[in-house]
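User: Could you walk me through this model with a few questions and answers?

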Amino acid sequence: MKVKGLSYQNGVFFIGKQYVACAYSEDGKVVDWVKPLNGHTLLQMIRQVLMSMPGWFTGLSAVYMLMIFLPKILMAVGLQVPWTGLPYYFIFYFLFGTHFFFPEQLRKYHGAEHKVFSERGVIKRSRMYRIKKAAITNRYCSTNYVVIYFSLVILLTSVFSRFATTGAALEWGSYGAVLLVPIVHALLEFRFFKVMRRYVLFVSYFLQEKVTTTTPDRVHLLTAIQSYHALAEVEFPEKLVDRRHQKKKEAKHMAIVDVTVIPVGTGGPSVSTYVAEIQQVLENYGDKISFKLTPMSTIIEGELPVLFEVIQAIHEAPFKSGIKRVTTNIRIDDRRDKSVQMDDKVEAVTRKLNQAK
């Protein structure tokens, strides 16, 4: 199943054959939607992308386009201008060249998108620790088109310059490269063009690692995972089934953790603000764990790998609020002879108390 990814300043799109899924960050929460792949959805995607662009990027783009079109428009209405503006083929330089000026948040979402594509297992939130370790480069990234286009511009311009002026050769090379990009990209899949594929991927991987992506934070990974998962649920749900667990039907081992996170140096005796922030972090894992706040600690129930991820997340929460030192106490109850939930333990004690009366 071929899926295409598209990152933007606030989130990630994943595009299938029939549907488009989008997840984005809004007020600290990840929001998603899935819609049929049609013109109306494409317009919404364009609107979201344009509205999310930072001011400096929008302003720079506007100035660039004015340098192309404004002098030509003034000349068309009969005004005398000293400069005809940038050539029209500079539009292609802009379209392909924006990869070199991705804003920071876009680079992080782009990196998260790539890690989702690189992970071979099931894409779901409980496997974030695996997805986080996946490669940040993607063989089918749009950066390949950028490498092909500018390489063709250089090659064609050098060829045309032998029998034309430098300006004409650059113009012909720039327009000709646009026509050849899809052809060359298709040829990369053939074995005979192995050397050319190696060159494109070598340069593309370098740009992906150094220019177009950067290490994503947790929210960027969550966004990419949620977008992909939303598309998979409606278009290819079989990809969400872990085949290894189908073949080997093992019961889930649920553990119970008693956690106390103590921020040190708060300037006062109350820590309720920090406790509330930790509860908000736990709510992000609501589909993977159960948790209960008590006067002295928080009790969390779930699979052990998920619990360790959750503990790390809530341990980090006070640091993000400016605290310089945090002490976290952890007690783990992991029973393997039978499945026991935290409510079962309380009920067992209650029954024995009732029997003793």
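Analyst: Happy to. Exposed means over 50% relative accessible area, buried means under 20%, and partly exposed lies in between. Please keep in mind that this is a predicted model.

User: Thanks! Which residues are exposed on the other side of helix 11?

Analyst: With the cut-off for exposed at over 50% relative accessible area, we can look at the side of helix 11 that faces away from its buried residues. The exposed residues there are T273, Q280 and E283.

User: Within what arc do the buried residues of helix 11 fall?

Analyst: The buried residues in helix 11 are Y274, I278, Q279, V281 and L282. Seen down the helix axis, they line one face of helix 11, because they fall within an arc of 155 degrees.

User: And what covers the buried residues of helix 11?

Analyst: Both strands and a helix take part in the cover. Among the elements over the buried residues of helix 11 are strand 5 (254-264), strand 6 (290-293), strand 7 (298-303) and helix 12 (304-320).

User: How far does helix 11 reach from its first C-alpha to its last?

Analyst: Helix 11 runs over residues 272-283, which makes 12 residues. At 1.5 Å a residue, 16 Å is expected. The reach in the model is close to that, at 17 Å.

User: Let's turn to helix 9. How far apart are its end C-alpha atoms?

Analyst: Helix 9 covers residues 218-235, and 13 of its 18 residues are buried, so the helix is mostly covered. At 1.5 Å a residue, its 18 residues should span 26 Å. The model agrees with that expectation, as the end C-alpha atoms are apart by 26 Å.

User: Which residue forms a salt bridge with D217?

Analyst: D217 sits in the loop between helix 8 (194-212) and helix 9, and its partner lies in helix 4, 109 residues apart. D217 counts as partly exposed because its relative accessibility is 37%. The closest N and O atoms of the pair are 2.9 Å apart, and the partner is K108.

User: Is K108 buried or exposed?

Analyst: The cut-off for buried is under 20% relative accessible area. K108 has 14% relative accessibility, so K108 counts as buried.

User: Helix 4 holds another salt bridge. Which residue pairs with R107?

Analyst: The two partners both lie in helix 4 (residues 104-118), three residues apart, about one turn of the helix. In general, an α-helix has 3.6 residues a turn, so residues three or four places apart point the same way. R107 counts as buried at 18% relative accessibility, while its partner is partly exposed at 41%. The closest N and O atoms are 3.6 Å apart, and the partner is E104.

User: Which residues are linked in a network of salt bridges?

Analyst: The structure holds five salt bridges. One of them joins R127 and E119, with the closest N and O atoms 3.1 Å apart, and both of these residues are buried. The linked residues are E119, R127 and R130.

User: What about the surface: how much accessible area does the nonpolar patch with I73 have?

Analyst: I73 lies in helix 2 (residues 55-76). The patch is formed by F69, I73, V77, L79, Y88 and Y175. Together, their accessible area is about 570 Å².

User: Last one: what separation do the C-alpha atoms of L155 and H114 have?

Analyst: L155 is found in helix 6 (residues 143-160) and counts as partly exposed because its relative accessibility is 49%. L155 and H114 are 41 residues apart along the chain, and their C-alpha atoms are separated by 30 Å.

Definitions and conventions: Residues numbered from 1 in each chain as written. Predicted model: local features only at pLDDT ≥ 70, side-chain atom pairs only at ≥ 80, totals over all residues. Heavy atoms only, no water. Helix = DSSP H or I, 4+ residues; strand = E, 2+ residues; numbered from the N terminus. Expected span 1.5 Å × (residues − 1). Buried < 20%, exposed > 50% of the residue type's maximum accessible area, 1.4 Å probe, protein only. Patch = residues over 30% accessible without salt bridge, like charges linked within 9 Å, V, L, I, M, F, W, Y side chains within 5 Å. Areas by Shrake-Rupley, 256 points an atom, 1.4 Å probe, with all protein chains shown as cover. Salt bridge = Lys/Arg side-chain N within 4 Å of Asp/Glu carboxyl O. Arc of directions from axis to C-beta. Contact = heavy atoms within 4.5 Å.
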